[in-house]
Each structure stands twice: as C-alpha cells, then as structure tokens.
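Trainee: Could we go through this one together? I would like to begin with the backbone and then turn to the chain contacts.
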Amino acid sequence: MADREFRAVDLAAERGERRLFQHLDFTLSPGQLLQVSGRNGCGKTSLLRILSGLSRPAAGQVYWGDEPIQSVDGGTGSCLGYLGHQNALKEDLTAEENILIAGGLGGARPNREAVLSMLASLGLAGYEDLPVRYLSQGQKRRVALARLLLQPRALLILDEPYAALDVQVIEVLRSAIEAHLARKSMIVITTHQTVDIDGDCRNLHLG
Amino acid sequence: MFRPLLALLRRDLTLALRRPQDALTVVGFFVVVVALFPLGIGPDPEFLRSLAPGVLWVAALLAVMLSLERLFSDDYRDGTLEQMLLVPEPLGLLVLTKIFAHWLITGLPLVLISPLLAVQLNLRPDEIVMLMLALLLGTPILSLIGAIGAALTLGLRGGGVLIALLILPLYAPPLILGAGAVDAVMHGASAQAHLSLLGAMMVFALFATPWATAAAVRIMLD
C-alpha cells in the first residue's frame, strides 16, 4: 500500500460563484512532502478537504494509486489522516480517552502505553487525566496532533498544524514529520510559518 | 469489524453519563407535559383514561423531538463528525450506532418511566403493558426517522424548529399505530395488527434511514 502514488488531476474548486483555483495537477510519491502556500482565502483549506475526500471538487479527480479517492477499499480513512482547523476533541473526555477512542474508531487495539508516551513527547505529561475542556488552545492542538501521529496512515493531510503551538512543540512536530517521511509516508501541509523540513519537499503556490 | 462501532457506542454513552442533564431534561419534559394534561382538562378518571394513549404518545414524540437537535450537532461543532467520515467503516453503520446510543439515552428512559405516568392517567395494568410494548417498538422508529431531520439541519440556524417541521408529519404513522394499540386493548380488541405494523415499520426504518442519514451528513459537510 505504501508504494502508491497520490495524484490530483485537473482539480478545480469553487466557493459560491468564485473559482478558487483550476487546472491543478500534482503527483506525490512515497516519502514526499507537499507544502501548500498562498494568501488567506486562496483555497488552501478547500484544496485539503478535496484531497481528503471530504468535499467534492468542481472539476477533476484525486487518485490514490489508480483508484479515485472516494472508492478506495475500506474508505478514504484507511489511507489518509486529516487534521483540519478544528481539533475534533470531545471536551468532556480526557486527552487519553479522546485518543484511545479515535484509535478504536480506526479499528486499532487500545494501546495505553503508546498514547501516554506520545502525549509525553508532545509535552503533555501530567495532563492525560484532565478533561480536554480544561486545556489551553495550544494544548488541545497538541492532543489532536498526538491522535493523528498515532494513526499509521500512508498520507497525512495537515491544515495549519503549527497554529497555536509553541517553539518546542513545533520542533517535536518537525521531527515527527521527518520520521514519517523517512518511513515513506506522504504529507500534505499548509502553513504560514516557514519550518525547514529535511526531506523531499515540494511547494505548491495557490492564487 | 465491530470494534469501531463499539468504540463509538461507548464514547456516546460515556459522554451522556458525563452530562446527565441532557438525558434528564428529555425525561423531565415528558413527565411535565403529561402531568399538565389532568390540570388542563379536569380530574374525571374515565375521561383521562380515554385520552391517555394519545397524550402519552404525543408527549413522547415531542420529548424525542427535543433531543434530536443534539444528535449530530455537538459532533458537527467540534469536528468529530468530520473525522467520522474518515473512519474506515461504512458511514451508515456509524450513524446507526449513534442512533442506537441516542435511543438508549432518550427513548428507553421514556419507555421505563411511562408506567408511572400511565397510572396517573388511570390506565389499567394490561393497558400499561401494551403501552410499554408499543413504546418499545415505536421509540426506535422515532429516533431513526428523526436522525434524517437532524442530519439535514446540521449547521443551520434555528435547526430545532426546522427539524420539527420536517419530522413531525413523518411521526404520524407510529403515533396512530402506537396509540391505536393501547386503544384496542382498552376496548377489548386485539392489538396484534397494530403491533405487527409497528414492528414492520421499525424493521424498515432500521434498514433504510441510516443510509439516508449518512447521505445527508455527507452533503451537509461537503
């Protein structure tokens, strides 16, 4: 599965009546990172939602290997992980419960040790048993990242992952991304910050 | 195959336990509405008894309706619904699991508390048994049909009122059959036809509505 390419062919997106972008093509091979840049409102989030199969493009098609992304065996979720603007955490559950349940939904066996060590590596040791409601914005973002990084997916789609994170955590995330690339995973990322990542990086400028 | 569904069921039940007020308001609403009727129409026991099936069923419909808005809207707001689209399971099954959790949290308590209210409205023991049986078959239908409305009004302002307009007309068949079953027992007839039709309706809703709801969720999140 890991040797499949991720392709976008002649993509176009619209918001309301306005064309955000059109004739967008790219191919991403295992181990590559695609950084999407552009001004506010140029369609970065729309592009990422289309790539993850959540929205339908106005034209064009996204392929996982030779299959259109909507008809991948086992659903789009079996090949990609997506982190949007929202953290997708339940405020009444603790960080640990949130991650364990997300893992269970993905079909994984609960692995408490892995969750605790991932939370600790993102600087959340001691916060595992607290309902997420009591965490700060940045800490919630870290919990969401921990959840995403624990899911073994061949493609990660990250929308502004650095938002609300402090310098140390950005560093941890950077090395996690590099480790993912080294394992022949693919990553699509949007960001306004420049974070240098070692590896095969491509740039895509919208607008 | 069933691990994701169990995880989702467990999650929804845990959330309901951490916020018991949501489920309690639904039961409280049911109790208060039924308790208001004798105050409004007078204390004549025979008259109350003849009204009881309809009153209990309409109150149950409205109580379920009250809870529908929250079925998907919390998950929609915090983004977990979006993540659910990316779970490698058929969305219809996930939706069905959520509806089952919703029934356990709101429908089942209504069934369990209905005998108390039925006594208050002067129903006899055999009629109370029939009422519970009819509600047991009927409340899942209410949750299943209501889920379509809840999904179609995701993210809309004033969604609650819109759900009522969309869904209440569809609640007429279970209302007629459910109240009719109790009426039949009251008049010494057999309620078998009513119960069979209710059961058939539940089976049909069980198979058809999760897919319609899943399609609505996908469209509203596009």
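Mentor: Certainly; please keep in mind that this is a predicted model. B:Asn122 has 18 C-beta neighbours inside 10 Å and counts as partly exposed.

Trainee: Where does B:Asn122 lie in chain B?

Mentor: B:Asn122 is in the loop that runs between helix H6 (91-120) and helix H7 (125-152) of chain B.

Trainee: What is the phi of B:Asn122?

Mentor: Phi of B:Asn122 is near 70°, a positive value in a residue other than glycine. Most residues other than glycine have a negative phi.

Trainee: Turning to A:Asp10, what is its phi?

Mentor: A:Asp10, likewise not a glycine, has a positive phi, near 55°. A:Asp10 is placed in strand S1 of chain A, which covers residues 6-15.

Trainee: Is A:Asp10 buried or exposed, and why?

Mentor: A:Asp10 is exposed, because 12 other C-beta atoms lie within 10 Å and the cut-off for exposed is 12 or fewer.

Trainee: On to the chain contacts: how many residues of chain B are in contact with chain A?

Mentor: On the chain B side there are 20 residues, in contact with 24 residues of chain A.

Trainee: Which helices of chain B each supply at least two residues of the side that touches chain A?

Mentor: Helix H1 (3-18) and helix H5 (80-85) of chain B each do so. H1(B) gives the largest share of that side, eight residues.

Trainee: What is the make-up of that side of chain B by class?

Mentor: The side of chain B that touches chain A has nine nonpolar, seven charged and four polar residues.

Terms used:
Residues are numbered from 1 along each chain as its sequence is written. Chains are lettered from A and ligands numbered from 1 in the order in which they are written. This is a predicted model: local features need pLDDT of at least 70, side-chain atom pairs count only at pLDDT 80 or more; totals for chains, interfaces and linings use all residues. Helices (H or I, at least four residues) and strands (E, at least two) are DSSP runs, numbered from the N terminus. A residue is buried if 20 or more other C-beta atoms lie within 10 Å of its own, exposed if 12 or fewer, and partly exposed in between; C-beta atoms are placed from the backbone. Two residues are in contact if their C-beta atoms, placed from the backbone, lie within 7 Å. Ala, Val, Leu, Ile, Met, Phe, Trp, Tyr, Cys and Pro count as nonpolar, Asp, Glu, Lys and Arg as charged, and the others, Gly among them, as polar.
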